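I'm opening a fresh page for this one. My plan is to go through the strands, the contacts and the charged pairs, and jot down what I find.

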Amino acid sequence: MPTETVALGPPTTLIQNVAYALPPRAGRIHALAAIEISVDGSAWDTLTGSETVGADVASGFVRCTSANTIAIFKPY
């Protein structure tokens, strides 16, 4: 099954425990709950609380352990 990509701009609802590819450029992520990010899709770091609002992310992957809505914006 191919990996779905999160688009830059519009909010995206994540399905629980499904990895999504981040856009191929840097962006600022905004999430409603804790999320996990990874550069390789196997080692995951958790962003919680205020870290999920305005965290800068680059190419890699994102997932959430619960259903969640995120948005990726141009950082500057």
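Before I list any neighbours, I need a rule: I call it a contact when heavy atoms lie within 4.5 Å. I also keep in mind that this is a predicted model.

**Entry 1: a tryptophan in a loop**

I started with tryptophan 44, which sits in the loop between strand 4 and strand 5. Is it buried or exposed? Tryptophan 44 has a relative accessible area of 19%, and the limit for buried is under 20%, so I put it down as buried. Leaving out residues up to four places away in sequence, I found that tryptophan 44 touches Ala19, Glu36, Ile37, Ser38, Phe61, Val62 and Arg63. I also checked the spacing to one of these: tryptophan 44 and arginine 63 are 19 residues apart in sequence, and their C-alpha atoms are 8.9 Å apart in space.

**Entry 2: glutamate 36 and arginine 63**

Glutamate 36 was on that list, and I looked it up next. It belongs to strand 4, residues 35–38, and it is buried at 13% relative accessible area. Which residues does glutamate 36 touch, not counting those up to four places away in sequence? I noted Trp44, Asp45, Thr46, Phe61, Val62, Arg63 and Thr65.

With arginine 63 there is a salt bridge, the closest N and O atoms being 2.6 Å apart. Arginine 63 lies in strand 7 (residues 61–63) and glutamate 36 in strand 4, so this pair ties together parts that are 27 residues apart in sequence. Arginine 63 itself is partly exposed, at 24% relative accessible area.

**Entry 3: the sheet around that pair**

I then traced the sheet with strand 4 in it. This is an open sheet of four strands in the order 2-7-4-5, and its pairing is antiparallel. Strand 2 (20–21) and strand 5 (45–47) are at the edges with a single partner strand each, so each has one side left without a neighbour in the sheet. Between strand 4 and strand 5 I noted three bridges, in the antiparallel sense. Isoleucine 37 has aspartate 45 in strand 5 as its bridge partner.

**Entry 4: the other sheet**

What is the strand order in the other open sheet? I read it as 1-8-3-6, four strands with antiparallel pairing. Its edges are strand 1 (12–14) and strand 6 (53–57), each pairing on one side only. On average, neighbouring strands here are turned by 35° against each other, ignoring direction.

I looked at strand 3 (residues 27–31) from both sides. Four bridges join it to strand 6, and four join it to strand 8 (residues 68–73), antiparallel in the first case and in the second. Isoleucine 29 stands opposite alanine 55 in strand 6 and opposite isoleucine 72 in strand 8. The faces of strand 3 differ in cover: Gly27, Ile29 and Ala31 are on the covered one, while Arg28 and His30 are on the uncovered one.

At the edge, in strand 1, I checked threonine 12. It counts as buried at 14% relative accessibility, and beyond four places in sequence it touches Val6, Ala7, Asn68, Thr69 and Ile70.

**Entry 5: the second salt bridge**

How many salt bridges are there? I count two. The one I had not yet looked at joins the side chains of arginine 28 and aspartate 56, at 2.9 Å from N to O. Arginine 28 is in strand 3 and aspartate 56 in strand 6, so the pair ties together parts 28 residues apart in sequence. Arginine 28 also stands opposite aspartate 56 across the two strands. Both ends are partly exposed, arginine 28 at 24% and aspartate 56 at 47%.

**Entry 6: the core**

The largest nonpolar core has 14 residues, and Val6, Leu14, Ile29, Ile35, Val62, Ile70 and Ile72 have the most contacts inside it. Strand 3, strand 6 and strand 8 are the elements that give two or more residues to this core. I followed up isoleucine 35: beyond four places in sequence, its contacts include Ile29, Leu47, Val62, Cys64 and Ile70.

**Entry 7: an odd phi**

Last, I looked at asparagine 17, in the loop between strand 1 and strand 2. Its phi is positive, about 60°, although it is not a glycine. Most residues other than glycine have a negative phi. Asparagine 17 is partly exposed, at 48% relative accessibility.

Methods. Residues are numbered from 1 along each chain as its sequence is written. This is a predicted model: local features need pLDDT of at least 70, side-chain atom pairs count only at pLDDT 80 or more; totals for chains, interfaces and linings use all residues. Side-chain values use heavy atoms; hydrogens and water are left out. Buried means under 20% relative accessible area, exposed over 50%, partly exposed in between (1.4 Å probe, protein chains only). Two strands pair if DSSP finds at least two bridges between them. Axes are lines fitted to C-alpha atoms, for helices over the stretch in contact, and angles run from 0 to 180 degrees between N-to-C directions. A nonpolar core is a set of buried Ala, Val, Leu, Ile, Met, Phe, Trp, Tyr and Cys residues joined through side-chain atoms within 4.5 Å. A salt bridge is a side-chain nitrogen of Lys or Arg within 4 Å of a carboxyl oxygen of Asp or Glu.
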